[in-house]
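When looking at a protein for the first time, it helps to begin with one residue and then widen the view step by step. Please keep the sequence and the structure side by side while reading.

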Amino acid sequence: MILQRKSPTWTICVLTIPQRESYLKQLFESLRSLKIRRSRWELLLVYNWDSQEEPYAIERRLHKLGKGLPLMVNFNVRNPSIIGGRIQQLALCKSPLICFIDDDITMHGDILDSLEERLREQPVGLIGVPSLVEGTNRLFKPRRGTPHIDAHGL
């Protein structure tokens, strides 16, 4: 008998490299406090580097850091570029909704529920969410020169 668990609605995708692992602690802490049931999302981390370190050692360390999170770790050693990592993330996602985030940010509140609600109201393929500087209202990204469209509050 195969036990089936409910499929998550969201995959939160993170791309990282060895030099940026230290950022993951804050990110993982913020994900633990998200106001959405963990069964509704999974965390996909793509280690975007051809490391000399044994992959199992890296994976054990990341799972220890992400204790309690629905974490999957994959390695991109064939084309460890941002484009190659994003392609691998997309290839690994099975959920209907995907959230790409940087490894040096934190997420707070009911962001995934809010995005899902907006997607139901206005079906679009991609939504960008502003990134603020450390608990302030100062905008970090998108930058002024980043192409975007503001439509109907979306």
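**From one residue to the core**

In this predicted model, Ile83 is part of helix 3, which spans residues 82–92. Ile83 has a relative accessible area of 62% and therefore counts as exposed, since the cut-off for that word is over 50%. Between Ile83 and Ser131 there are 21 Å in space, C-alpha to C-alpha, and the two are 48 residues apart in sequence.

The rest of helix 3 can now be placed around this residue. Its buried residues are Gly84, Gly85, Gln88 and Gln89, and because they cover an arc of only 140 degrees around the axis, they lie on the same side of helix 3. Ile83 belongs to the other side of helix 3, where Ile82, Ile87 and Ala91 are exposed as well. The buried residues of helix 3 pack against strand 1, strand 2, strand 3 and strand 4.

Helix 4, residues 111–121, can be read in a similar way, for its buried residues are Leu112, Leu115 and Glu116. These cover an arc of only 100 degrees around the axis, so they are on the same side of helix 4. The partners against which the buried residues of helix 4 pack are strand 1 (10–16), strand 2 (41–47) and strand 4 (97–102).

Two further helices meet each other directly. The axes of helix 1 (residues 21–32) and helix 2 (residues 55–65) come within 9 Å and cross at roughly 40 degrees, which means that helix 1 is oblique to helix 2. On the side of helix 1, the contact involves Glu21, Leu24, Lys25, Phe28 and Arg32, while helix 2 contributes Arg61, Leu62 and Leu65. Sorted by type, the residues of this contact are four nonpolar, no polar and four charged.

What, finally, lies in the interior? In soluble globular proteins, nonpolar side chains tend to be buried together. The largest nonpolar core here has 24 residues, of which Ile12, Phe28, Leu31, Trp41, Leu43, Leu45 and Leu112 touch the most other members. Two or more residues of this core come from each of strand 1, helix 1, strand 2, helix 2, strand 3 (71–75), strand 4 and helix 4. Leu45 is a good residue to look at, because, neighbours within four places in sequence left aside, its contacts are Val14, Thr16, Leu24, Phe28, Leu62, Leu71, Met72, Val73 and Asn74. Apart from the largest core there is another core, of five residues, including Cys13, Leu15, Leu44 and Cys93.

Key: Residues numbered from 1 in each chain as written. Predicted model: local features only at pLDDT ≥ 70, side-chain atom pairs only at ≥ 80, totals over all residues. Heavy atoms only, no water. Helix = DSSP H or I, 4+ residues; strand = E, 2+ residues; numbered from the N terminus. Buried < 20%, exposed > 50% of the residue type's maximum accessible area, 1.4 Å probe, protein only. Axes fitted to C-alpha atoms, helices over the stretch in contact; angles between N-to-C directions. Parallel < 35°, antiparallel > 145°, perpendicular 65-115°, else oblique. Contact = heavy atoms within 4.5 Å. Nonpolar A, V, L, I, M, F, W, Y, C, P; charged D, E, K, R; others polar. Arc of directions from axis to C-beta. Core = buried A, V, L, I, M, F, W, Y, C linked by side-chain atoms within 4.5 Å.
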